[in-house]
Each structure stands twice: as structure tokens, then as C-alpha cells.
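Thanks for coming, everyone. Let me put the sequence and the model up on the screen, and then I'll walk you through a few places in it.

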Amino acid sequence: MSTNDSREKPLVLVTGATGFIGGHLLKGLVLVGYRVRALCRTPVSDDDIEGLEWVQTEGLSPKTDWNEFLDGVDSVVHLAALAHESNQSRKSSDDAYYQVNAGVTEALVTAVRDNGSIRRMIFLSTIGVIATTSSLVVDEKTPCNPDTVYAKSKLEAEERIQSVLSGSGTDWCILRPPVVYGPGNPGNMDRLRKLVLTGIPLPFGSICNQRSFIYVGNLSGIIIHVIGFPAKLNRVYCVADNQSLSTPELINLICQAVDRSDRCWPCPLWLLGMLGHGGDFFRSVFGTDPGINSYSVERLVGSLAIDAASIHKELQWRPPFTIEEGLVETFGSGKSH
């Protein structure tokens, strides 16, 4: 998509605009010329970017009045969510996940439908609505079996979107990404980088799994492509980088990006499991997260590979970045850290 004058492009509303994914998406949207209305909870200093309008809100709830935010909007990208928390000591209540991830989404999509002039609703879900781990490659046809309250609340949001917009003039597209990584990424990817930078040999050499990831530049590219796609969608897509990796392969590529030697050594998987349970016990006794628990071990050991062929074929889209390029962009700056 070529760069155009922002006045030639429609107005896109982005929720969750100050989050990790939102920050990258805003830059991409403005770069290709879209006008963007970005929702935020706190004032943002760089509000003088041409085509970017910041709108402050005290917070989103199922009772939020969306009418003012939606005025003149062509498409909505809904990123705002209560994210999954691997630190059990800080976990939000189950009700909070459903209130934010399902309740807020339903209120927004109802306002979108009632507005009558919004062309498209794009919702960022998660591959977790299908599974946390799977020995089989998953795609859009794989039955959903979420096993965390976060994923269950996201699946409920998906269902509410489809129900509310059924028969309306607004079409929808739901994207299910795996772990998203990129410069400034939070979560497990950043923890792996920190582990690699310690130089300590890592006990992951015996892991034989396959997991999919997606670089934030690829995910932003997908969202922008979907916004501009001319035909009706009403479709769910699983999205991912162009290849899956085992945990040792991922660590090797991170080591290359930060200019460190790969020091994975083989450790029995049962011992890794015991370390995870030991971390759970430590947290329950002392109230702090030791950095390893059964949740993180399960994701290091288990597989979750995604077949993203549908979006490639139907929307003629290909990831602009390979996973190797994405990891260099993400972790290359960590060489001096």
C-alpha cells in the first residue's frame, strides 16, 4: 500500500492504542496515510503527528458511551483487553476478564452496529481460544477448547461480535495471533532475552516442540491489510510468522541477535516440570514469583504450531518479515544491555 495524503484515507479508531501492539500499529497506519483516532487513558506527548488524533478516556467499561469516539469513523480496530497474567500473585478476577474482554467488546460492537456507517470491525483475539498447547497443527477449523479464563473471555467476545453484527451493514474480521514479539515486547520473550544475556547455560536442549510466533511488524501489516481489503470479510483468521520453531531453535536465534553463544544443555523434561512446580510452591509460600513456574514451563515445552494459509490465500497477504528478521529487529539492540 503506497503512502498517500492522510485526507485521502478513511478514519480508523484504535482502542488499546498505547499498548505494545497499539504503539506499533499507530506508526504503520500513519505511515501509509490513514487518519487515526487513538484512545488512551493518559495524555500522550507526541500528539502533533499529522493524521493522529489522541482521545483520552478514563477507562473502558460495558457502560462506556462510544458515540463520540465513533463519529466519522470508517473502521474500528479493537486491541484493548485485560491481558493474560502469568504471575499468579497479580491475577485479576475471572469477572474482570469477562467484564473487559467480553463486556466492553459487546458494548463497542453494539455501538458500531447502531452507528450504521462503520464499514469494518477488526478484533484482536488470541490463538489461546483454540488451545494452549497442541500436538497437531491448528487452524481456523480446529475446534476451540480454551483452558484459561483469559482465552475463554476472548472466545466469548468473538461470539458476541459475530452475533451482534449478524445481518448488519458492518462486516468483521477476527484475528487469532500466537505470542507477539517485537521491540519493547513484554512477557516470556523478554524473559528469554534476559536469561540469554546472563550467559548462564539454559536447560532447554532436550525440548523437541514446535511453536508459532508473530512479529509485531507482521501483525501490524495484517491489520492494515485487513482495513483496506475491498471485499466483505466476516471471517476468523489464524495468523503467524512464516515458520514455527522449537524452543532450542528460538533461543539459538535470540543468541545470534544479541551476539551470545548458544548454551542450551539437555535436561530431562520431567526435571523441568519439577522446577515449574517448585516455582509454584515458592510463590505460594513467599508470595513472589521466582521467574519460573508450571505455566512458563508448559509453554517452553509444549507445541502450538499454526497453519496461517487461509489468510495468505484469501487475502493475498504474506508476512513482510521472516522470523529471523523479526528477532533481529526485536533483540538486536540487546547486545549492549
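**A walk through the sheet and its helices**

Let's start with one pair of residues: Val36 has Leu52 in β3 as its bridge partner. Keep in mind throughout that this is a predicted model. That pair belongs to the pairing of strand β2, residues 35-40, with β3, which is parallel and runs over 5 bridges.

Now zoom out a little. What is the order of the strands in the open sheet? There are 7 strands, paired in parallel, and the order reads β3-β2-β1-β4-β5-β6-β9. The edges are taken by β3 and β9 (235-238); each has a single partner strand, so one side of each has no neighbour in the sheet. On average, neighbouring strands here are turned by 20° against each other, ignoring direction.

Just after β3 I'd like to stop at Thr57, in the loop between β3 (52-56) and α2 (67-70). Buried or exposed, what would you say for Thr57? Thr57 is buried, because its relative accessible area is 11%, and the cut-off for buried is under 20%. Setting aside neighbours within four places in sequence, Thr57 is in contact with Cys40, Arg41 and Phe69.

Next, the helices on the sheet. Helix α3 lies across β1 (11-15), β4 (75-78) and β5, and runs at about 180° to β4. Helix α4 lies across β5, β6 and β9, at about 165° to β6.

Let me stay with α4 for a moment. This helix covers residues 149-165, so to speak 17 residues, and reaches 24 Å from first C-alpha to last, close to the 24 Å expected at 1.5 Å a residue. Its buried residues include Val149, Tyr150, Leu155, Ile161 and Leu165, and Lys154 and Glu158 are also among them. What do the buried residues of α4 pack against? They pack against α3 (94-115), β5 (120-124) and β6 (171-176). After α4 comes Gly167, with a positive phi near 80°.

On to charges. The structure holds 12 salt bridges, and I'll pick out three. In one of them, the side chains of Glu106 and Arg160 meet at 3.0 Å, N to O. This pair links distant parts of the chain, with Glu106 in helix α3 and Arg160 in helix α4, 54 residues apart. Glu106 is partly exposed at 31% relative accessible area, and Arg160 is partly exposed too, at 23%. Glu156 joins in as well: Glu106, Glu156 and Arg160 are linked in a network of salt bridges.

Arg113 forms a salt bridge with Asp114, with the closest N and O atoms 3.0 Å apart. Arg113 is partly exposed at 35% relative accessibility, whereas Asp114 counts as exposed at 53%.

The third brings us back to an edge of the sheet. Arg235 and Glu314 meet through their side chains in a salt bridge of 2.8 Å, N to O. Arg235 lies in strand β9 and Glu314 in helix α10 (residues 309-315), so this pair ties together parts 79 residues apart in sequence. Both count as partly exposed, Arg235 at 23% and Glu314 at 34%.

One last stop: Arg193, in helix α5, residues 188-198. Arg193 counts as buried, at 13% relative accessibility. Its side chain is joined to that of Asp190 by a polar contact of 3.1 Å.

That's my tour, and I'm happy to take questions.

Methods: Residues numbered from 1 in each chain as written. Predicted model: local features only at pLDDT ≥ 70, side-chain atom pairs only at ≥ 80, totals over all residues. Heavy atoms only, no water. Helix = DSSP H or I, 4+ residues; strand = E, 2+ residues; numbered from the N terminus. Buried < 20%, exposed > 50% of the residue type's maximum accessible area, 1.4 Å probe, protein only. Contact = heavy atoms within 4.5 Å. Polar contact = N/O pair within 3.5 Å; in protein donor to acceptor, adjacent residues only side chain to side chain. Pairing = 2+ DSSP bridges. Axes fitted to C-alpha atoms, helices over the stretch in contact; angles between N-to-C directions. Salt bridge = Lys/Arg side-chain N within 4 Å of Asp/Glu carboxyl O.
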